[in-house]
Amino acid sequence: MQNPYQPYPVRIDKIIVETEDKNLRTFRLVFLNPEDEKAFNYTPGQFAELSLAGYGEIPIGIASSPTEKGYLLFTVNKVGSVTSALHNMKEGDLMGVRGPLGNSYPLKELEGRNVVIIAGGFAVTTLRSTITWMLDPAHRDKYGKIIFIYGARTPGMLLYEEEWSAWQKRDDIDAYITVDREFPGWNGMVGFVPAVTEQVGPSPENSSALVCGPPIMIKFTQPVLEKLGFSEEQIIMSLENRMKCGIGICGRCNVGPEYVCKDGPVFTLAQLNQLPKEY
Ligand SMILES: Cc1cc2nc3c(=O)[nH]c(=O)nc-3n(C[C@H](O)[C@H](O)[C@H](O)COP(=O)(O)OP(=O)(O)OC[C@H]3O[C@@H](n4cnc5c(N)ncnc54)[C@H](O)[C@@H]3O)c2cc1C
Ligand code: FES
């Protein structure tokens with residue numbers, strides 16, 4: 001058995017600058033040993049610890065889908081010491097990945113249901129993974145209607161333009177992409193995610209909503225979903241608490257009795273409502 005603290009060695013195969021401020025970059029990582037790729041058996045919604053020798057580890061959601069073979073994608077916002085060190089790395093450099101960690105979106109339970117996916121800012125990462133997985137020809141007919149609502153402050157801060165542009169052209173997903181206000185050259189939707197959600201008005205009937213975004217977006221989207229008739233069991237969220245070990249040992253991430261790293265990061269609103277409001 002692999003030591004749970006031992007990262008797999010990976011090479012940075014490609015770095016994609018995602019946003020106009022250059023602070024969000026997607027790192028495409030390739031395993032040095034093909035057997036490690038097989039062992040790294042993940043499901044959308046999970047995360048991994050990215051490990052940089054001499055700097056430390058950071059928990060980051062897996063943005064690629066298991067249907068995308070040969071690499072892993074992680075989109076990282078530059079906020080502090082380890083993320084800055086990662087942003088200084090170059091294609092070809094070596095680093096480590098430890099995981100996969102945590103639970104995932106309940107893809108099995110979502111089968112046969114309509115899925116509303118609501119994202120704000122760079123919290124869209126594991127939802128990119130989820131949508132890519134659901135739209136794969138091997139999985140698409142297991143799900144009903146898929147609605148994707150995604151917003152960022154400006155057009156230049158939207159991630160994964162290539163993917164959502166392609167999704168907008170498909171007839172088996174309704175993708176609504178919005179920015180906070182009018183911008184020259186932007187012909188898409190304008191408005192905050194909660195308002196767009198209200199405008200789109202997804203039906204709660206046989207539906208679940210996956211919601212990921214900054215706290216302010218969550219705060220105002222939750223009542224919109226409740227007004228539309230979604231129950232707390234039908235609303236699913238992913239938390240990003242501070243973490244260290246990522247495997248339920250150090251106690252750094254717990255909220256009440258739950259370890260966000262092991263029992264989460266994905267919880268229903270019904271589960272979160274049972275916890276102290278410290279997440
Ligand atoms: C399950 C999970 C998934 C995540 N997925 C992503 C992702 O896909 N992309 C991404 O860019 N980030 C993600 N994060 C957040 C990421 O782990 C932190 O931004 C990172 O650890 C910061 O490391 P640092 O050494 O650069 O910052 P530090 O030097 O440790 O801190 C810099 C600043 O960031 C703040 N900070 C650090 N960690 C967090 C945190 N977890 N929540 C809020 N503020 C924090 C600190 O308070 C400080 O102000 C995720 C976190 C978790 C727990
Ligand atoms: S990060 Fe150590 S217990 Fe969750």
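**Exercise 1. Locate proline 265 and describe the peptide bond that precedes it.**

Solution. Proline 265 is placed in the loop between strand S14 (258-259) and strand S15 (266-268). Helices (H or I, at least four residues) and strands (E, at least two) are DSSP runs, numbered from the N terminus. The bond from glycine 264 to proline 265 is cis, with omega near 15 degrees. A cis peptide bond also joins glycine 99 and proline 100, where omega is about 0 degrees. Proline 100 belongs to strand S6.

The model is predicted: local features need pLDDT of at least 70, side-chain atom pairs count only at pLDDT 80 or more, and totals for chains, interfaces and linings use all residues. Residues are numbered from 1 along each chain as its sequence is written, chains are lettered from A and ligands numbered from 1 in the order in which they are written, and side-chain values use heavy atoms, with hydrogens and water left out.

**Exercise 2. Classify the ring pair of tryptophan 133 and tyrosine 143, then that of phenylalanine 148 and tryptophan 167.**

Solution. Start with the rule: rings of Phe, Tyr and Trp (its six-membered ring) pair if their centres lie within 6.5 Å; planes under 30 degrees apart count as stacked, over 60 as edge-to-face and the rest as tilted. By this rule there are eight aromatic pairs. Tryptophan 133 and tyrosine 143 are 6.4 Å apart centre to centre, with 70 degrees between the planes, an edge-to-face pair. The pair links distant parts of the chain, 10 residues apart: tryptophan 133 is in helix H3 (residues 125-135) and tyrosine 143 in the loop between H3 and strand S8 (146-152). Both residues, tryptophan 133 and tyrosine 143, are buried (under 20% relative accessible area; exposed is over 50%, partly exposed in between; 1.4 Å probe, protein chains only).

For phenylalanine 148 and tryptophan 167, the centres are 5.5 Å apart and the planes at 80 degrees, so this pair is edge-to-face. Here strand S8 holds phenylalanine 148 and helix H4 (residues 161-169) holds tryptophan 167, 19 residues apart. Phenylalanine 148 and tryptophan 167 are both buried.

**Exercise 3. Describe the setting of tyrosine 160: is the residue buried or exposed?**

Solution. Tyrosine 160 lies in the loop between S8 and H4. Its relative accessible area is 6%, so tyrosine 160 is buried. Phi is near 55 degrees, a positive value in a residue other than glycine. Arginine 128 lies over the face of the tyrosine 160 ring, at 5.6 Å from the ring centre; the criterion is NZ of Lys or CZ of Arg within 6 Å of the ring centre and within 35 degrees of the ring normal. Lysine 22 also has a positive phi, near 65 degrees, and is partly exposed, with a relative accessible area of 49%.

**Exercise 4. Which residues are closest to ligand 1, and which polar contacts does the ligand have?**

Solution. Of the 20 residues that surround ligand 1, the closest are Pro59, Thr75, Asn77, Thr83 and Arg242 (a heavy atom within 4 Å). Next, look for polar contacts (pairs of N or O atoms within 3.5 Å; within protein, one must be able to donate a hydrogen and the other to accept it, and residues adjacent in sequence count only if both atoms are side-chain atoms). A backbone N or O atom of threonine 75 is 2.8 Å from a nitrogen atom of the ligand. A polar side-chain atom of arginine 242 is 2.7 Å from a ligand oxygen atom. Finally, S4 gives the most to the shell, with four residues.
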